[in-house]
Amino acid sequence: SQAWWEIRNIWIQNFLIYFVVFILLFGFGKFVFDKLDSHSRVATRMRGFSNVVFALPFLKHLHIAKDVSFHPINTYYDIRKKKKGSLKGASFLILIFFIAFLVYQTSKGFLFQIQKAEDIDLAALITGFIVLVGLYIVCNYLLSSITEGDGSFEEIVMYVGYSLLPLLAALLVNIVLSYVLTYN
């Protein structure tokens, strides 16, 4: 493991500057693109393409998760009053989060994986996840019922599913970085 650590450390030292330059160029490119946005045909075409793609019903419902991340109160209001979102889209996000959670628990880089994959009890992970998420949804529904709230069970499942996007992104970034980073 010491030899692998040294090889990874050398690789990081060699390629970290390229990664930082890429991030800076990407940020600068986005800045320039935003400034030229109103005057560019390319931006108009790209916006038209994204409108066509997100006009598909399933993708439109998944796109709401991004809105929840940046404007939660407004988006929850839209889900409730304007009937945006769908149970299928939220359930799909919960399923993707569940898969990412299992990968996070069992398949991180070897430096950051505390337990061996053979020693992990998958049945306990799966049962624990389903029970905790299910209990959270049911308790929120019951609390809504007790306090004379108007939240339906379907809306609460959608709220939970759409609100998992930031944690899903963090898990995926953590998994990828666990294969690149060292304790340095």
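Accessible areas come from the Shrake-Rupley method with a 1.4 Å probe. The model in these views is predicted.

**View 1. The whole chain is built from helices.** The secondary structure comes to eight helices and zero strands. Along the sequence, the pattern reads α-α-α-α-α-α-α-α. The chain exposes about 13200 Å². Carbon and sulfur atoms supply 70% of that area. The chain has 184 residues, and 26% of them count as buried. Now take the contacts between residues at least 6 apart in sequence: 71% of these join residues at least 24 apart.

**View 2. A nonpolar patch lies on the surface.** Seek out L16, F19, V20, F22, I23, L24 and F26. Together they make a nonpolar surface patch of about 750 Å². V20 is one of these residues. Its place is in helix α1, which covers residues 2-36. V20 has a relative accessible area of 37%. Patches are made of residues with over 30% relative accessible area. V20 counts as partly exposed because its value falls between the cut-offs of 20% for buried and 50% for exposed.

**View 3. Two rings pair within helix α1.** The count of aromatic pairs comes to seven. One of them joins F15 and Y18. The ring centres of F15 and Y18 are 6.0 Å apart, with 50° between the planes. This pair is tilted. Both residues lie in helix α1. They sit three residues apart, about one turn of the helix. F15 is partly exposed, with a relative accessible area of 38%. Y18 is exposed, at 57%.

**View 4. Another ring pair ties two helices together.** Here the rings belong to F97 and F129. Their centres are 5.8 Å apart and their planes meet at 35°, so this pair is tilted. F97 lies in helix α5 (residues 87-106), and F129 lies in helix α6 (residues 122-146), so the pair ties together parts that are 32 residues apart in sequence. F97 is buried, and F129 is buried too. Both belong to one aromatic cluster with F98 and F101.

**View 5. A lysine lies over a ring.** The residues to find are K108 and Y104. K108 lies over the face of Y104. The distance from the ring centre is 4.2 Å.

**View 6. Helix α7 is mostly covered.** This helix spans residues 153-163. Eight of its eleven residues are buried. They are E155, I156, V157, M158, Y159, V160, G161 and Y162.

**View 7. S178 is a buried residue of helix α8.** Helix α8 covers residues 165-178, and S178 is part of it. The relative accessible area of S178 is 3%. S178 counts as buried because that value is under 20%. Which residues does S178 contact, leaving aside its neighbours within four places in sequence? They are R8, K108, G109 and F112. K108 is also the residue that lies over the face of Y104. F110 makes a further landmark for this view. S178 and F110 are 68 residues apart in sequence. In space, they are 7.9 Å apart, C-alpha to C-alpha.

Conventions. Residues are numbered from 1 along each chain as its sequence is written. This is a predicted model: local features need pLDDT of at least 70, side-chain atom pairs count only at pLDDT 80 or more; totals for chains, interfaces and linings use all residues. Side-chain values use heavy atoms; hydrogens and water are left out. Patches are made of residues with over 30% relative accessible area and no salt bridge: like charges are joined within 9 Å, nonpolar side chains (Val, Leu, Ile, Met, Phe, Trp, Tyr) within 5 Å. A salt bridge is a side-chain nitrogen of Lys or Arg within 4 Å of a carboxyl oxygen of Asp or Glu. Helices (H or I, at least four residues) and strands (E, at least two) are DSSP runs, numbered from the N terminus. Buried means under 20% relative accessible area, exposed over 50%, partly exposed in between (1.4 Å probe, protein chains only). Contact means heavy atoms within 4.5 Å. Rings of Phe, Tyr and Trp (its six-membered ring) pair if their centres lie within 6.5 Å; planes under 30 degrees apart count as stacked, over 60 as edge-to-face and the rest as tilted. A charge sits over a ring if NZ of Lys or CZ of Arg is within 6 Å of the ring centre and within 35 degrees of the ring normal.
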